[in-house]
Amino acid sequence: MENKPGWRAISYILGNQIVERIATLGMMGNFMVFLLQFFNLGQVAAANLLGAWTGVSNLIPIIGACVADAYLGKFKTIAISSFGTLLGMVVLTLTAWVPQLHPPSCTSTEHCVPPTSSQLGFLILGLAWLALGTGGIGPCTIPFAIDQFDTTSSEGKKGVNRFFNWYYISQTIVTLISLTAIVYLENKSWVLAFGILSLLMSFSIIIFFVGASVYVYIPPEGTIFSGIAQVFVAAYKKHHLKIPVIEDEGLYYDPPVDAKTLLKMPLTKQLRCLNKAALIGDNEVNARGSVKNPWRLCSIQQVEEVKCLIKMLPIWASGILCLIPIVQQGTFPVSQALKMDRHLGAHFKLPAATYNAVSLITIGIFLPCFDIFIQPALAKVTKNEEGLTSLQKIVIGGICSVLTMLCAGLVEWRRRGVAISHGAPDGVAPMNAMWLAPQFVFLGLCEIFTLIGHFQFYSTESPEKMKSIGNSLQYLVMAFSIYVGTLMVNVVNQVTRKRGGIGWLNNDINAGRLDYYYFLVAGFAAMNLVYILLCVKRYHYKVVIVKAEVKDRP
């Protein structure tokens, strides 16, 4: 087996990711303000455009992952997508720079000229290239980084685990920079800010290519969906056959794996109905030992790879409700902060959105401590190199999701009571907004364990040839969380407003019952936690064979 470069290659990949994320997140983090104040879009139109872009950006990674695993490989997909991202950023920079590509400045709130169809079309073109680019980079970066480690060795597994922690730490730092320094620069000059961000994107591409001589490259496998379909078709054609009571491996088609496949998978008893696809029937193998019709007979490796994908789906679905507090942290908590005392000293007043930074600070402090102190201690106790398995992290993330919403509900219940009893004309409660900090601390812990747990789970449990596709599931679950969260808000708002009543999510949160909504989400999160525990209890980690040695993935 070839020597893997490990952290030598990771330094380039992490460097590329940090600079690339500063560029893309910096451009999109304050884009709502750009659409409202610079591009003269109305609030609904701007929200719809940004929401559509966010949804599409979380769906495109599935396509990017398929292209990477089947045709281009991870390196080429990241490289090409990076240029697509740069093109999108250049188009958006031109939108802000060239007067003909954006509407004139508003003379007053009543005299704002909306953008023309051509101006809007050019803006959407830039957003489309940006979505396509980020859709190719996102699902491939982590699998490409993991390719640089020898995951069959103890050191390689430790390296992968540390990479996950430091990758997320870097993303947190990037978010803080984007929401502070970059936003400040954009408020001074959109053209200057967008131009600098485009240059940063160019620099990230240079960093990525500098490491080209160090990287390990796993070649693509060609079309992979036909192999998946073949397993189902072959199993269906043989559904009338009975699985042998004593499963002699000689009854199943198990050819040697090709040189590119490092991890061979033995036949397992989970989802046994699919094992029929590998049962050798009469006249199905030729004299050379090859399959005559791949739609009637599949290899054990094929069958087990399909099983991996099926077994991952219940765990994937559990992330939808877990992530709702994360995707909604920029909405209702801001409304709460607006109705609380945000003064820091006698003269300084914090912006309402600033309190979201508590979750980022939590991540920035806890993750390095976890990586340096807690994880090694847990590794000694659990006898597991990772300290906590990916599924254990997902369970802890589910617990933190429940605690986040319970804490938010209790604080809102108290805030609303104080505001009503105080009766201030502006509805602000004489209660310090730092009471929101505990829910953001739990939210930060929820992000750490849920997102890192899912990333780690997809990366280790995905079939070897489908790492990018497995990793893209994280983006898909984020998209579903956004849509399910939006649906939940709309349903709650409609149901609680029936018969002329005041809805829980009324614009005046003192009149509404936001605390009830938080408790409702906490209830769903608690049911989801029970579902996660059931899934974890029934889940069997992937078994692989490395150089004739069977290893159960931790």
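Two helices count as roughly antiparallel when the angle between their axes is over 145 degrees. In this predicted model, helix α1 (residues 7-28) and helix α5 (residues 117-146) offer a good case to begin with: their axes cross at roughly 150 degrees and come within 11 Å. The two helices, α1 and α5, are therefore roughly antiparallel to each other. The crossing in which α1 passes α5 is left-handed.

Charged side chains give a second way into the structure. Side chains of opposite charge can pair when their charged atoms come close. The structure holds 8 salt bridges. One of them joins the side chains of Asp 371 and Arg 162, with a distance of 3.0 Å from N to O. Asp 371 belongs to helix α12 (residues 357-382) and Arg 162 to helix α6 (residues 154-188), so this pair ties together parts that are 209 residues apart in sequence. As for their surroundings, Asp 371 is buried, with a relative accessible area of 5%, whereas Arg 162 is partly exposed, with a relative accessible area of 39%.

A small story of linked charges unfolds elsewhere, where Lys 238, Glu 284 and Arg 296 form a network of salt bridges. In one link of this network, Lys 238 pairs with Glu 284, and the closest N and O atoms are 2.9 Å apart. Both Lys 238 and Glu 284 lie in the loop between α8 (225-237) and α9 (300-322), so the pair ties together parts that are 46 residues apart in sequence. Glu 284 also forms a salt bridge with Arg 296, and here the closest N and O atoms are 3.5 Å apart. Arg 296 lies in the loop between α8 and α9 as well, so its pairing with Glu 284 ties together parts that are 12 residues apart in sequence. Within this network, Lys 238 counts as buried at 2% relative accessibility, and Glu 284 counts as buried at 9%. Arg 296, by contrast, is partly exposed, with a relative accessible area of 33%.

The surface has a nonpolar feature too. A patch of about 640 Å² is made by Ile 399, Leu 403, Leu 406, Leu 410, Trp 413, Tyr 516 and Phe 519. Two helices, α13 (390-422) and α16 (514-538), each supply at least two residues of this nonpolar patch, and the largest share, 5 residues, comes from α13. Tyr 516, one of the patch residues, lies in helix α16. At 37% relative accessibility, Tyr 516 counts as partly exposed, since that class runs between 20% and 50%.

Conventions
Residues are numbered from 1 along each chain as its sequence is written. This is a predicted model: local features need pLDDT of at least 70, side-chain atom pairs count only at pLDDT 80 or more; totals for chains, interfaces and linings use all residues. Side-chain values use heavy atoms; hydrogens and water are left out. Patches are made of residues with over 30% relative accessible area and no salt bridge: like charges are joined within 9 Å, nonpolar side chains (Val, Leu, Ile, Met, Phe, Trp, Tyr) within 5 Å. Accessible areas come from the Shrake-Rupley method with a 1.4 Å probe; for residues, only the protein chains shown count as cover. A salt bridge is a side-chain nitrogen of Lys or Arg within 4 Å of a carboxyl oxygen of Asp or Glu. Helices (H or I, at least four residues) and strands (E, at least two) are DSSP runs, numbered from the N terminus. Buried means under 20% relative accessible area, exposed over 50%, partly exposed in between (1.4 Å probe, protein chains only). Axes are lines fitted to C-alpha atoms, for helices over the stretch in contact, and angles run from 0 to 180 degrees between N-to-C directions. Angles under 35 degrees count as roughly parallel, over 145 as roughly antiparallel, 65 to 115 as roughly perpendicular and the rest as oblique. A crossing is left-handed if the near helix is turned anticlockwise from the far one by less than a right angle, and right-handed if clockwise.
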